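Hi everyone, thanks for coming. I have one structure to share today, so let me put it on the screen and we can walk through it together.

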Amino acid sequence: MKTTVKKRAKARKSAPRKPVRTARKSAKTSNAAVIIRQMGNDWAQHWNAGILDKVVAAYAADAVYLPPHHEAIHGRDAIREYLRGPLSHGVSDLAFDLTYIKKGGNVAWDVGTCRMNVPLNDGTKKEDHGKYLTVWKCVDTKWLIAADAWSSDLPASP
């Protein structure tokens, strides 16, 4: 029996060792905060430039959009159709101020404030400002918006 134990120990020492694999996160996953911050900036830039397809490309196919005073909008295509309205109405000068980003596994969320100019019926514009919460999910190493909600801090119009 001692011989068998010695032979196994010797076999283990002489057998080629497999390289130890460490779990390395992809650059996109490990830099989630940087990517999400940039995607938020890009979202606002694309909106302000009127490039709706690039705005909507940030959403997962099964995303949900939760605008104020409106029912939930489900799916990237429905979100595109909904966003055509405010974009064609002239909502402009959109800007986000990120407060923080948190991440857990393949999910992240960012919270912040937003501001934009909204056209009024008399041809003038008023600044609207509020807050937002965006939930992101990592799909095939790409961060996409899974849920997007925002609300105005201004009192509701009569």
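I'll go from the overall fold to the sheet, then to the pocket, and finish with a few single residues.

One thing up front: this is a predicted model. The protein chain has 158 residues, and 31% of them count as buried. In terms of secondary structure, we have five helices and six strands. If you read along the sequence, the pattern is α-α-α-α-β-β-α-β-β-β-β. For those of you who like contact statistics: of the contacts with a separation of 6 or more, 48% are between residues 24 or more positions apart.

Now the sheet. In what order do the six strands sit? The order is 2-1-6-5-4-3, in an open sheet with mixed pairing. Strand 2 and strand 3 are at the edges; each has a single partner strand, so one side of each has no neighbour in the sheet.

Let's step across from the strand 3 edge. Strand 3, residues 92-104, and strand 4, residues 107-119, run antiparallel and are joined by ten bridges. One pair to look for there is Gly104, whose bridge partner in strand 4 is Val107.

Next come strand 4 and strand 5, again antiparallel, with 13 bridges between them. Gly112 has Tyr132 of strand 5 as its bridge partner. These two strands make a hairpin with five residues between them, and Gly123 in that turn has a positive phi of about 95°.

One more step takes us to strand 5 and strand 6, which pair in the antiparallel sense over ten bridges. Here Val135 is bridged to Ala147 in strand 6. This is a hairpin too, with two residues between the strands. As a reminder while you rotate the view, in a regular strand the side chains alternate between the two faces of the sheet.

On to the part I suspect you'll want to ask about: the largest pocket. How much space lies in the largest pocket? It comes to about 870 Å³. There are 38 lining residues, and the closest to the centre are Pro68, Val91, Met116, Asp128 and Trp150. If you want to find the place on screen, those five are good ones to select.

Which elements build the lining? Helix 3 (32-49), helix 5 (76-89), strand 3, strand 4, strand 5 and strand 6 each put in at least two residues. The largest share comes from helix 3, with seven residues. As for the chemistry, the lining divides into 24 nonpolar residues, eight polar and six charged.

Now some individual residues, starting with backbone angles. Two residues other than glycine have a positive phi that I'd like to point out. His69 has a phi near 60°, and it sits in the loop between strand 1 (59-66) and strand 2 (73-74). Is His69 buried or exposed? His69 has a relative accessible area of 75%, so it counts as exposed, the cut-off being over 50%.

The second is Asp140, with a phi near 50°. Asp140 belongs to the loop between strand 5 (125-139) and strand 6, so this is the turn residue of the hairpin I mentioned a moment ago. Its relative accessible area is 72%, which makes Asp140 exposed as well.

What about the cysteines? Cys114 is buried, at 4% relative accessible area. Cys138 also counts as buried, because its 14% is under the 20% cut-off. And how many disulfides does the model have? The count comes to zero.

Last stop, Leu154. You'll find Leu154 in the segment after strand 6 (142-152). With a relative accessible area of 26%, Leu154 is partly exposed, because that value falls between the 20% and 50% limits. Beyond its neighbours within four places in sequence, Leu154 is in contact with Lys126, Glu127, Asp128 and His129. Asp128 may ring a bell: it was in the list of residues closest to the centre of the largest pocket. Leu154 and Gly130 are 24 residues apart along the chain, yet their C-alpha atoms are separated by 7.5 Å.

That's my tour. Thanks for listening, and I'm happy to take questions.

Terms used. Residues numbered from 1 in each chain as written. Predicted model: local features only at pLDDT ≥ 70, side-chain atom pairs only at ≥ 80, totals over all residues. Heavy atoms only, no water. Helix = DSSP H or I, 4+ residues; strand = E, 2+ residues; numbered from the N terminus. Buried < 20%, exposed > 50% of the residue type's maximum accessible area, 1.4 Å probe, protein only. Contact = heavy atoms within 4.5 Å. 1 Å grid on protein atoms, 1.4 Å probe; cavity = no way out; pocket = protein on both sides within 12 Å on 5 of 7 lines; lining within 4 Å. Points joined across faces, edges and corners; volume = space filled by probe spheres on them. Nonpolar A, V, L, I, M, F, W, Y, C, P; charged D, E, K, R; others polar. Disulfide = S-S within 2.5 Å. Pairing = 2+ DSSP bridges.
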